[in-house]
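Trainee: I would be grateful for a close look at a single part of this protein. Could you please choose the disulfide and explain how it is placed?

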Amino acid sequence: MTSPQSTRPRRWRGAIAAVAAALVAVPVLSACGTDTPRSLLASIKSGDVVLGTKYDQPGLANRNPDKSHSGSDVDVSEFVIKQVAKNNGWAEPKITWKETPSPLRERMIENGEVDMIAATYSISAARTKKVDFAGPYLTTYQALLVSKKTADPIKSLEDLNSGRKLCSVSGSTSAINVKAALPNVQLQQYDGYASCVEGVRRGVLDALTTDATILAGFQAKYPGEFDIVPMTYPKDVTLTSSTGTKTEKKKGDQFSTERYGIGLRKGDGDALREVNKALRQMILGEQGTATYDAEAVPSAPSCVVPAAVVSSFTGLAYANPDNALFQALRKNLGEYANTMIDQGRPVDGGKPKSVLVAVPGDQSWLLPDKDGNVKVTVNGQTMTLPKADPQAQCTKAGV
């Protein structure tokens, strides 16, 4: 990964060098190089887990000068691991942190280098082919970080499409979104967010685009230097992806919606259910989770969580304004966290401005039979999903 002072775009040679340097710098763990994914629950029970995260995202996931780790994603990871141990009557395990750059996350899970990853890890269809996601535990939107010192400030999405120099991180969904929607922008992809931020500070880049939560961390780190500009479409447009898929966007729609999940070994249904339960407990508390789980079980569950269940979950989350997730966000992201929380608050007779709290997991865990399988209704047809990987089966069924 490039240093915070570097502003050179990422190239293949630099990427290979960065990966090689990371392999030299990080101690080799027992699971590395085995091509065998780790078992999260077995690792927790054994007393030693390896968690993947970012090292360069202040407020979310940052490695500090004293080699400690801080940020809301770090807090989420620690809560989940400790809660899973508590739920199963195990002692709290030792946690070893490992850096997981965006382009390498799926590979590091598949190769058994980490037990799980919480690293502003947006859930996407492409990624779910390789890993399973618990969550989402947080919803955010793509935005811009711009300097307050510029003479020609960027105020909207349209301003980007006039040849501005826009930075994003290689392998991130933000870069993919920009490529699809803004053909005239000068997109430059760097190895890490710190390099992009430094480029904007020095004026060699016009803006950094990524999730608003990530940008808020850098805004807090450099008080008074940056503004965060929302990215919404100024008019109705039709986007065409590289595969020819067309997507309609309306004026005022968010440029992208990012749902953060926790990446896990593909097909580990037991770990998926345990982590989703821990996330519900983080947001609702143990009593709130028990109430929600009892009320959310429908007579015919489907792969898609009904709107009424989402409403119930959100209501329980906001019934306790000091739930563990909100505490983590306020501690690490300051005033911006309060803005997010307020915008996601349920509104009587209306819709909140944004959706901060998402319902962790689909419904496939709700009604297992004696063999651990789950019956769901898809397009009016009842089908049985195997315990091992219900999310993949939902996807296969076209949901």
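Mentor: The model is a predicted one, and the protein in it has 14 helices and 16 strands. Within this framework, the count of disulfides comes to 1. The bond joins Cys-167 to Cys-196, with a distance from S to S of 2.0 Å; this satisfies the cut-off, because a disulfide is taken as a pair of cysteine sulfur atoms within 2.5 Å. Cys-167 lies in strand β8, which covers residues 165-169, while Cys-196 belongs to helix α8, residues 193-202, so the bond ties together a strand and a helix through positions that are 29 residues apart in sequence. The handedness of the bond can also be stated: the torsion about the S-S bond of Cys-167 and Cys-196 is about -55 degrees, and therefore the disulfide is left-handed.

Consider next the surroundings of the pair. Cys-167 and Cys-196 are both buried, and in the protein as a whole 48% of the 399 residues count as buried. The accessible surface of the protein comes to about 18,500 Å², and carbon and sulfur atoms hold 51% of that area.

The contacts of the chain complete the setting. Among contacts in the protein with a separation of 6 or more, 67% are between residues 24 or more positions apart. The two cysteines of the disulfide, as stated above, are 29 residues apart in sequence. To summarise, the disulfide joins Cys-167 to Cys-196, is left-handed, and has both of its cysteines buried.

Methods: Residues are numbered from 1 along each chain as its sequence is written. This is a predicted model: local features need pLDDT of at least 70, side-chain atom pairs count only at pLDDT 80 or more; totals for chains, interfaces and linings use all residues. Side-chain values use heavy atoms; hydrogens and water are left out. Helices (H or I, at least four residues) and strands (E, at least two) are DSSP runs, numbered from the N terminus. Buried means under 20% relative accessible area, exposed over 50%, partly exposed in between (1.4 Å probe, protein chains only). Contact means heavy atoms within 4.5 Å. Accessible areas come from the Shrake-Rupley method with a 1.4 Å probe; for residues, only the protein chains shown count as cover.
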